[in-house]
Amino acid sequence: MAELVPFAVPSEGDRTLLVWELSSGPTAEALRRSLFTAFSRFGLLYSVRVLPIAAAAQPGFPAVLQFSSASAARRARKACDGKRLFQTPPAKVRLGTRHKAVQHQALPLNSSQCQELANYYFGFNGWSKRIIKDRYHSL
């Protein structure tokens, strides 16, 4: 079954993963890079955010990952929940729970994000802004 991937900032809960019980040993930036590496194999990631923790909270960092595709988010959750991704304790991974009853205006992606999305799904390796003359067809 095909999935429509809009050229808009992901806002639906089915494209968002919540990850917690991440080790508090490495820095937040090191965790963000490790999360990106572990989860990008499932699909194009729009954003990876490691959240600061409150002093009263349990040790460890929570994180929010947004995928461009809902099916990629589901595959990632299924494959990674309860697994030791890059740390000793297993991570907990859940899909976001934003209610669909509340309608949010979809924000368009900026041009570089549109190019990244097209490159990922169409298999391109780059874009050009110049017109290249085709010697087989006249303009």
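This is a tour of a predicted protein model, stop by stop, with what to select at each one.

**Whole chain**

Start with a cartoon of the full chain. Its secondary structure amounts to 3 helices and 4 strands, and from the N terminus the order is β-α-β-β-α-β-α. The protein has 139 residues, of which 30% count as buried. Its exposed area is about 9,700 Å², with carbon and sulfur atoms supplying 57%. Among contacts between residues at least 6 apart in sequence, 65% join residues that are at least 24 apart.

**The nonpolar core**

Select Leu17, Val19, Leu22, Leu35, Phe39, Leu65 and Phe67. These are the residues with the most contacts inside the largest nonpolar core, which has 21 residues. Now colour the elements that give two or more residues to this core: β1 (16-22), α1 (28-39), β2 (45-50), β3 (61-67) and α2 (70-80).

Next, show Phe39 as sticks. What does Phe39 touch, not counting residues up to four places away in sequence? The residues to display around Phe39 are Leu17, Val19, Leu45, Leu65, Phe67, Ala76, Cys80, Leu85 and Val93.

**Helix α2**

Move to α2 and select Ala70, Ala72, Ala73, Ala76 and Cys80, the buried residues of this helix. Turn the view to look down the axis of α2: its buried residues fall within an arc of 160 degrees, so they line one face of the helix. Show β1, α1, β3 and β4 (92-95) as well, since these are the elements against which the buried residues of α2 pack. Among the residues just picked, Ala76 and Cys80 were also in the list of residues that Phe39 touches.

Then step past the end of the helix. Gly82 follows α2 and has a positive phi, near 80 degrees.

**Strand β2: Ser47 and Val48**

Select Ser47, which is found in strand β2. Is Ser47 buried or exposed? Its relative accessibility is 17%, so Ser47 counts as buried, the cut-off being under 20%. Leaving aside neighbours within four places in sequence, Ser47 is in contact with Val64, Leu65 and Gln66.

Val48 also lies in strand β2. At 9% relative accessibility, Val48 counts as buried. With neighbours within four places in sequence set aside, the contacts of Val48 are Arg32, Leu35, Phe36, Val64 and Leu65. Draw a C-alpha to C-alpha distance from Val48 to Arg33: the two are 15 residues apart in sequence and 8.5 Å apart in space.

**Salt bridges on α1 and beyond**

A search of the whole structure finds 4 salt bridges. Select Glu29 and Arg32, whose side chains meet in one of them at 3.3 Å, N to O. Both residues lie in helix α1, 3 residues apart, about one turn of the helix. Glu29 is partly exposed, with a relative accessible area of 38%, and Arg32 counts as partly exposed at 30%.

Add Arg33 to the selection. Its side chain meets that of Glu29 in a salt bridge of 3.5 Å, N to O. Because Glu29 and Arg33 are 4 residues apart in helix α1, about one helical turn separates them. Arg33 is partly exposed, with a relative accessible area of 47%.

Now select Asp81 and Arg77. They form a salt bridge in which the closest N and O atoms are 4.0 Å apart. Asp81 counts as partly exposed at 23% relative accessibility, and Arg77 is partly exposed with a relative accessible area of 27%. Go back to the α1 selection to see how its bridges connect: salt bridges that share partners join Glu29, Arg32 and Arg33 into one network.

**Before β1: Arg15**

Select Arg15, which has its place in the segment before β1. Arg15 is buried, with a relative accessible area of 9%. Then pick Leu95 and draw the C-alpha to C-alpha distance to Arg15. The two residues are 80 apart in sequence and 7.4 Å apart in space.

**A surface patch**

End with a surface display. Select Tyr120, Tyr121, Phe122 and Phe124, which make a nonpolar surface patch of about 420 Å². Within this selection, Tyr120 is found in helix α3 (residues 111-122). At 38% relative accessibility, Tyr120 counts as partly exposed.

Terms used
Residues numbered from 1 in each chain as written. Predicted model: local features only at pLDDT ≥ 70, side-chain atom pairs only at ≥ 80, totals over all residues. Heavy atoms only, no water. Buried < 20%, exposed > 50% of the residue type's maximum accessible area, 1.4 Å probe, protein only. Contact = heavy atoms within 4.5 Å. Areas by Shrake-Rupley, 256 points an atom, 1.4 Å probe, with all protein chains shown as cover. Core = buried A, V, L, I, M, F, W, Y, C linked by side-chain atoms within 4.5 Å. Patch = residues over 30% accessible without salt bridge, like charges linked within 9 Å, V, L, I, M, F, W, Y side chains within 5 Å. Arc of directions from axis to C-beta.
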